[in-house]
Every structure is written in C-alpha cells, then in structure tokens.
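Colleague: I would like a close look at one part of this model. Please start there and then work outward.

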Amino acid sequence: MEHLRPSALPDDASLPHDTVVPDSPAQLLARVNRPVHTTAQLVGDTPVLWIGAPFSGSGSGFWAKLEGHNPGGIKDRTALYMVRRARERGALRPGARIVESTSGTLGLGLALAGSAFGHPLTVVGDPGMEPLMTGLLTAYGAEVDLVDRPHPTGGWQQARRARVEEILAAHPGAWCPDQYNNPDNVAAYAPLAHELVAQLGRIDTLVVSVGTGGHSAGIASVLRRYFPRLRVVGVDTTGSTIFGQLAAPRLMRGLGSSIYPRNVSYGLFDEVHWVAAHEAVWAARSLARQHYATGGWSVGAVALVARWAAREQPAENRIVAVFPDGPQRYVGTVFDDAYCEEHGLLGRPPADDPDEIDDPGERTVIRWTRCARVSDPLAAAEPPALSGAAR
C-alpha cells in the first residue's frame, strides 16, 4: 500500500494494449461492478484519483475522492441514510412527505431516497438555485418551492428554514431531515471513511469542505480512530459564519452557512481556510483543463487548499481531498464566462499562499485566508430545532 504515488507513464499508458483474454466469461466479472436493481445501489464505492502536476507542483499532489460518481453527489449517502433511519424509528411514516431546505445537492439525494422508499418530496430553495438544478429536481418528481427574500439576519438559509416550518404545518405527518442538526447526517459518512482506508491504506491529512457539517464530521471522526495523528483541514467560504466570521452575501453554494449548524464538529479541525469565489473558480477551471476531473464551488475551494497543503507538507505525507460533486450543475455559473465576468470572477488567480490570521474574529477576510485556531462561535448556545423534524 506504500507505492501509491504514480510514476511517469508512457504516452500510450491509458491504452488497453495489455488486455488479457480470460479463460472463461465468469472471470470478466472480477473487474466490473455487479449489476444492480435500483439506482440507490449505485451509491458509494466512488473512485480516488491522483491530482499531481500540472495542477500541483512537480513531485507533489493529493488524492481526490470523486463523490460526483454517485448518481447525484456526496449527499446521496446521507439522504438515503437519514430517510432509512427515520423510517426505522417510525418518525417517517410510509408514503409521508419529506420537506427540506437545500441549495441543491441534498435535494437530488432526497429525490433518490424518495423514489427508493416511496415518499413525495418538497425541496425549499432560493433564487440562487441554478435553473439546471431546479429542472433536475422537477424531472425527478420533487416539488420545488423558492423563497423570494432573505431573512434579515439569517440570510437565505434561515428564510428557507422558515418556509420549511410553514410547509410542515400544512402537511400533518410530513417529516424534515433537518440536515443541519440531524446526527444521522454525520453517521451516514462512515462508509466513505472506510472506503478511503481500504483504497489508500494510510491517510495523513484530510481536506474537506464544511457546510452542514455532516460529511466533514462523519469522515474525520472515523479516520481519526484509524489515524490518531490525522490532520483535518476545514474549508469554508468568505462571508460564512461557521467558524466565527461575520455573515456576508455569498455567491458560492454547497459550502459555508449564514446559520450555525450543530453538526459541525469543531474539535476535529486543526485549521480552517476561507476561500473566495474567484479563487474557487480558478481552481475548478484549472482542474477541468488539466485533469478532466473537477466540480463546482466546493471542489474548487477544497482543491486549492489541498494543492497548497501538498506543497507545504513532506512529500511522503498522504493528503486526501473530498470532491463532493461533479461539474454538471455548474455549467451556468462556475464554467460560464458571462456569469463569471458579471461577478468579477475571471482573471484573478489566487496567491501562492493564504493570508494568515491568529483568531477568526481578528478581521473580516475577503480572500483565501488560513487560521490555526478553531473554536465553536456558539459554544454555549442551544441547538435550533425544527418542529416536525425527527431527532
């Protein structure tokens, strides 16, 4: 397991010139995934890809866990798990409606879970939800309800959650997963952590985006049991409140928050990086051109930080970055020149190194910034709850 870093390959290394014809047809199955009966069975066992030069410097790089290979993305895992556990507890009755606030990816996962278990779905979004995402959710049978104005202090997320409350009240028996505070959102990612251990054998650093806190806590908590000295690097967006910054308008979707999700496990993080939208765009587009493996806002932000970590750490350290989704939903934003030009996101490559602050409250950050002090900004606060949400 120690010889995982690829060496230089010949130009035709990807060609199947060394294909061996098996003695019997049954032997063909040893190298392919088995047929499945439901789409839900396609979730998990995602590949890991080496990201080295030219994106990373010569002789350095990191491993990327490509969660975009799930039918809808990384949140397929938690959607299926939260729905299954709620059904087992009796909190979600057969045929009852599922209602949840999401910027998109969890909505795809819940549409998959609703199809698998027989539940109608209402997704509450906001005007920032991409038309492609709205179209996909509708195609998969979900009702999409868009709020039209942000909450005065809690932004679009709080506005969406308030609308969820209204819909729950109008549909007796409906259930909200409450992804921000549901511990099942964390537990759902243990299989992903186990996949990484099986695939890589040893992990020294985990670089992971933080939004609801589910996959960062779920993966890191399991990996640290295997690797007690694991370094966990959280990646947030500028304008997010999660790690103690003041709330500000945010362009990026999928990471960051204007509320305080209680699934964020602050004690697991060794450091946090905030990344601005134009920096994430640069990284996502560079990955697309150079490695044909990319995604949206979260992928760009995580890749930028993992690239830096690979350069700063000893060459023998094994770094893993979790890529939550693929590029498809971002063709009208991250990968659209007109959109990026309108928002001033092009022609602004990131610095080679992040800014440094000693405390999250030291100043408001507006570009890629690192802080090695991580604490819960609401350590004494009680977690919020949604009426009708199963705990």
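Where is Pro54 found?

Modeller: Bear in mind that this is a predicted model. Pro54 sits in the loop between strand E1 (48-51) and strand E2 (62-66). The peptide bond that leads into Pro54 from Ala53 is cis, and its omega is near 10°. Most peptide bonds are trans. Just as worth inspecting is Asp45, in the segment before E1. Asp45 is not a glycine, yet its phi is positive, at about 55°. Most residues other than glycine have a negative phi.

Now the pocket. The second largest pocket has a volume of about 440 Å³. It is lined by 23 residues, and those closest to its centre are Pro71, Gly72, Asp76, Leu108 and Tyr140. Two elements give two or more residues each to this lining: helix H2 (105-117) and helix H3 (131-139). H2 supplies the largest share, with six residues. By class, the lining holds 10 nonpolar, 10 polar and three charged residues.

H2 also packs against its neighbours, so take those contacts in turn. The axis of H2 comes within 8 Å of that of helix H1 (residues 75-89), and the two cross at roughly 45°. That angle is neither under 35 degrees nor in the range from 65 to 115, so H1 and H2 are oblique to each other. Their crossing is right-handed. On the H1 side, the contact uses Lys75, Asp76, Thr78, Ala79, Leu80, Met82, Val83, Arg84 and Arg87. On the H2 side, it uses Thr105, Leu106, Leu108, Gly109, Leu110, Leu112, Ala113, Ala116 and Phe117. These residues divide into 11 nonpolar, three polar and four charged. Two names recur here. Asp76 and Leu108 belong to this helix contact, and both are listed among the residues closest to the pocket centre.

Next, H2 with H3. Their axes come within 10 Å and cross at roughly 10°. An angle under 35 degrees counts as roughly parallel, and H2 and H3 are therefore roughly parallel to each other. From H2, the residues involved are Thr105, Gly107 and Leu108. They meet Met133, Leu136 and Leu137 of H3. This contact has four nonpolar residues, two polar ones and no charged ones. Leu108 thus appears again: it meets H3 here, and it is also part of the contact with H1.

One further helix pair deserves a look. The axes of helix H8 (residues 277-291) and helix H9 (residues 297-312) come within 7 Å, with a crossing angle of roughly 85°. That value falls in the range from 65 to 115 degrees, so H8 and H9 are roughly perpendicular to each other. H8 brings Ala277, Glu279, Ala280, Val281, Trp282, Ala283, Ala284 and Leu287 to the contact. H9 brings Trp297, Val299, Gly300, Ala301, Ala303, Leu304 and Arg307. The classes here are 12 nonpolar, one polar and two charged.

Notes: Residues are numbered from 1 along each chain as its sequence is written. This is a predicted model: local features need pLDDT of at least 70, side-chain atom pairs count only at pLDDT 80 or more; totals for chains, interfaces and linings use all residues. Side-chain values use heavy atoms; hydrogens and water are left out. On a 1 Å grid over the protein atoms alone, a cavity is a set of points where a 1.4 Å probe fits but cannot get out, and a pocket is an open set with protein on both sides within 12 Å along at least five of seven lines; lining residues have an atom within 4 Å of a point. Grid points are joined across faces, edges and corners, and a volume is the space filled by probe spheres set on the points. Helices (H or I, at least four residues) and strands (E, at least two) are DSSP runs, numbered from the N terminus. Ala, Val, Leu, Ile, Met, Phe, Trp, Tyr, Cys and Pro count as nonpolar, Asp, Glu, Lys and Arg as charged, and the others, Gly among them, as polar. Axes are lines fitted to C-alpha atoms, for helices over the stretch in contact, and angles run from 0 to 180 degrees between N-to-C directions. Angles under 35 degrees count as roughly parallel, over 145 as roughly antiparallel, 65 to 115 as roughly perpendicular and the rest as oblique. A crossing is left-handed if the near helix is turned anticlockwise from the far one by less than a right angle, and right-handed if clockwise. Contact means heavy atoms within 4.5 Å.
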